[in-house]
2 protein chains.
Amino acid sequence: MRIECIAIGTELLTTRRLDTNSVWLGERLADLGLAFHRKTAVGDNREDLAGLIREALTRSDLILTTGGLGPTFDDFTKELFAEALGVALVEDAGARADMLAFYTARNRTPAQSNFKQVLIPVGAEPLRNPVGTAPGVWWQDPPGHPGARIVMMPGVPREMKRMWEDQVEPRLQPLAGEPTQTLRMVVAGVPESTLDERTRDVRERHGQLEWTILASLTQVELLVRAHDSATLAQVLTDMRPVLGHDLVSVGPGNLEEAVLTGLESRGQTLAVAESMTGGLLSARLTAIPGASRSFLGGATVYSPAAKTALLGLPASLLADQGTVSEATTHALAVATRQALGATWGLAVTGNAGPATEGTEPVGTVYISVDGPRGASTIRRNIPGDRPDVQLRGVAAALNFLRRQLDLA
Amino acid sequence: MRIECIAIGTELLTTRRLDTNSVWLGERLADLGLAFHRKTAVGDNREDLAGLIREALTRSDLILTTGGLGPTFDDFTKELFAEALGVALVEDAGARADMLAFYTARNRTPAQSNFKQVLIPVGAEPLRNPVGTAPGVWWQDPPGHPGARIVMMPGVPREMKRMWEDQVEPRLQPLAGEPTQTLRMVVAGVPESTLDERTRDVRERHGQLEWTILASLTQVELLVRAHDSATLAQVLTDMRPVLGHDLVSVGPGNLEEAVLTGLESRGQTLAVAESMTGGLLSARLTAIPGASRSFLGGATVYSPAAKTALLGLPASLLADQGTVSEATTHALAVATRQALGATWGLAVTGNAGPATEGTEPVGTVYISVDGPRGASTIRRNIPGDRPDVQLRGVAAALNFLRRQLDLA
C-alpha cells in the first residue's frame, strides 16, 4: 500500500514553521505497521495544490492531508479534491449541526464563512471535530480510484490528533500491517553524543531493531521498535546497567512527570523559588494533570524586591552575596520550603542573558534543594541562548531534585 | 521561478525526525526574495526517489536536494539524477583529492565505499565539503532542461549549511528576486474566523498582495508581503480602523512583548499571582529579554496554602468564596501588587481540568487587574483541554492587562 501525506499551508514553506503533524502521523502509521512513501508540504496556492492532488491520486492508495479546511479564503483542500474527482460539494446536515452546537455552547454566533466548512464532497463522509469547527473528510473509493482512501484533517495539531485517534485510526485498522511495539526510555542529564556512545554496544547487540535517539533541551529519548515484547524486555534488561540513574522513566512520560510521580509516591510535596527560570519550572510542572497533588506553588522572584517581599530574604544577603549566588539560592530554597510547609524546596537563580548584568557570566545557574536531610546546592554552566538556558536550567533543576528524592 | 526541495532519507518518514534542513533552506531562500513551491520528503528507496526526480525535472526550475550522498548502499541521489538525465557518473579528481586529504588529516584510511562519493555526473560540478566526506553537486542546464539548476547537498545539517553559505547561495545570487517586505500585524482577543471576516474588505482592496493568517492559541498574525513599503503603509492605514484596539502590535513581537513595552514606556511595573496558569504567565513574560525592567515577579499560588502563606489571603475568604472566584482573584491581584509595590497586579484563577474539582466547570477562568484606578475582574469560559485552557488563559490575562494600560 502506497501512503502519502500532504501538509497544506504557506507557513510550512516560507516561515520557520515545522510540519510536526506529518511526523506525528508517521509515528501513528508505524504503530499500525504502515509507513509513508512520501510527505509533501505545499502552500495555500490553488494551482500548486491542485497539481499535487492530481499526482497523488495517480500514485497513492492512501492520501492523508492536514490543513486547508478552515473558513478563510485560502482554505480549499476539499474543493480541489472534489474538482479533481469531478464531484460537487454539498452541505452536510450533521456537520452543520455540530458546528452550530460548537458556537452555541460558547455563546457565540458562527460567521458566514464558517458555513463553508460544513461542505463535504458528494460520496465522502464528514469526520467530526469535537474540539474545533472544521470537520474532516473520509473518502473511500472516490470516483475512478476504487480501493483508494483520502483522509482530510485539520492543520491544528490538537484537532488533527483527536480526529485521527477517534475516527481515522479505527477506520484504517483493517489495513494494518504486522504491529510493532515501541520501548521508550527517557534519559536526563546526559548529552546526546554521550548517550550515543554509552549505548552503542547494546544497540549493536540488538542491531536488527530500529533504533532512534531523540534529543530535546530537557531530556533524551531512546526509542526502539520490535514485533514482540520479549525482545524489548531483553533490550531493557541490557540497557538498565548502561543507563544507571540517568534513566528517568520507561514508557510514556517525561522528566516533569517522573518528578511529580516520585513526590506523590512518597507522599511528599514541593515548593519552588524561581529567579532566572521566571515561572517556567512551575509551568512545566503544572502542565501535568494532577500536579496539585504534590506541587504547592512558589514564588517567581524575578526582582530583588520579590525575593525580600515574598520570601523574606534579608536585603543585606542580596547586597553581600549577589542575587545569583550559592548563598542566595540556598536561602531561597529554605525560605520557600518553610513558607509553604513543603517536604522539598527547590530554587533556581542564574543569568540567562542576553545582557551580562551583575558579575556572573551568561549561562551560570545555581540550583538548590532543601529537604528532609538539609540543603544541597550545585552550580552549572549552561550553554545556549536565553530560551535554551532557561529551559535547560529547568531540566537541570528537576533532574537534581529527582536524584535527591532517590537519595533521601 | 519554481523551486522545490527534496529531502531524502527514510528516517524523515518513519521516525520522529523533523526535516529541519528544508525549513532552514526556506528561510535562506526568503532572504533572496525566493520561495519554495513545494517540499517533499522521500525515503531511501530507488523507485520512489527516481519517480520524484522525474516529476521534479518536469515542473521545477531549481531543485534543491538534501541527503543520499553518503557512501552506503542506500545513497543514490547522484546516480538517479544521472540516470534520469541520461549521463554517466565519473570520478572527479578534485573531489577525490579533497576526500583523501580529509582522511589523511584524521590519520584514517578511506573505505572503498568512500570512493563512490567522489563520482559526479558528467556536465555537473562538485561542491566541496570542508566539514565532511560527501561532496555536493551543482548542475546548471542539465541535458534537456536548459535554464534549470539542480543542487545536491548532504543531509547532515552542519555540512549542508556550510555548503549553502559558501558555494550555493553565491551561485544563486543572480537569480535573486525582487526583495519583498512583510507587514506583520499581531491581533489578540479575536478568533481567526472573526478576523477573517472583519478584514475581508481591506484584503480584497489589496487583493494583488500575498496574504497569510496564522492563528496560535495566544494571538493571530496577519501577514502581507509587497515589493514596496508605500503599499504596505497604505495597507496598514486601511487596516487600523478595522482592527481597532485588537491590534496588539505591528512588526516583530507578540502579545507578551506588547505588554512589557507598554509597561516600560509608562515607567510602570507588574506583579502577578497565578493559580490555574501555574507559572506559565510569568514564564511567557520572562521569555522576553529585558522583562526584568518591568516585571517584578509574583506568586504561583497553586495550592490554597500558597495563597495564604505567600500573599496573606485569609483562609476564611478561600473557604467562603472558593479558590476559583471573583473575590479570591480580586484579592490575589490586590495582594501581589501590594506585596511587590508594583503599579499593576494581575491575577488568574480557574479550572483547567481535566478533573472537575470544586464547583466551577473546566474552562472557567477569572482574571483580575489591580492598578492605579482600582481593580477590575472578568470571567471567561475558555474552550479546549488543559494546555489550551492554561495558554489561552495566559493570553486572555495579558490582553486584559494590555487594555487596562491603554485606559489608565
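So, chain A first: the domain assignment splits it into domain 1, residues 3-175, domain 2, residues 181-252, and domain 3, residues 256-407. Keep in mind that this is a predicted model. If you take the C-alpha centres of domain 1 and domain 2 of chain A, they sit 35 Å apart.

Okay, let's look at a pair of helices in chain A. Helix α10, residues 255-265, packs against helix α15, residues 386-407, at an angle of about 30 degrees, and their axes are 10 Å apart. Angles under 35 degrees count as roughly parallel, so that's what we call α10(A) relative to α15(A). The crossing of these two helices is left-handed. Who's touching whom? From α10(A), the residues include L255(A), V259(A) and L263(A), and they meet a set in α15(A) that includes L398(A), L401(A) and L405(A). Sort the residues of that contact by type and you get 8 nonpolar, 2 polar and 2 charged.

Now, how do the chains meet? Chain A puts 62 residues into the contact, and chain B puts in 61. On the chain B side, strand β14, residues 295-300, gives the largest share, with 6 residues. That side of chain B divides into 30 nonpolar, 21 polar and 10 charged residues.

Find strand β14 of chain B on the screen, please, and follow the sheet outwards. Which strands does this open sheet run through? There are 10, and the order goes β17(A), β16(A), β15(A), β13(A), β14(A), then over to β14(B), β13(B), β15(B), β16(B) and β17(B), with mixed pairing. The edges are β17 of chain A and β17 of chain B, both spanning 374-381, and each of them pairs on one side only. From one strand to the next, the twist averages 15 degrees.

Zooming in on one pair in there: β13 of chain A, residues 270-274, and β15 of chain A, residues 344-350, run parallel and share 5 bridges. You can spot E274(A) standing opposite V348(A) in β15(A).

Helices lie across this sheet too. Helix α12 of chain B, residues 304-311, lies across β14 of chain A as well as β13 and β14 of chain B, at about 30 degrees to β14(A). Helix α15 of chain B lies across β15, β16 and β17 of chain B, running at about 30 degrees to β16(B).

One more link between the chains, and then I'm done. Strand β2 of chain A, residues 38-42, is joined to strand β2 of chain B by 5 bridges, and those two run antiparallel. There, A41(A) stands opposite K39(B).

Conventions
Residues are numbered from 1 along each chain as its sequence is written. Chains are lettered from A and ligands numbered from 1 in the order in which they are written. This is a predicted model: local features need pLDDT of at least 70, side-chain atom pairs count only at pLDDT 80 or more; totals for chains, interfaces and linings use all residues. Two residues are in contact if their C-beta atoms, placed from the backbone, lie within 7 Å. Helices (H or I, at least four residues) and strands (E, at least two) are DSSP runs, numbered from the N terminus. Ala, Val, Leu, Ile, Met, Phe, Trp, Tyr, Cys and Pro count as nonpolar, Asp, Glu, Lys and Arg as charged, and the others, Gly among them, as polar. Two strands pair if DSSP finds at least two bridges between them. Axes are lines fitted to C-alpha atoms, for helices over the stretch in contact, and angles run from 0 to 180 degrees between N-to-C directions. Angles under 35 degrees count as roughly parallel, over 145 as roughly antiparallel, 65 to 115 as roughly perpendicular and the rest as oblique. A crossing is left-handed if the near helix is turned anticlockwise from the far one by less than a right angle, and right-handed if clockwise. Domain bounds come from an automatic or database domain assignment.
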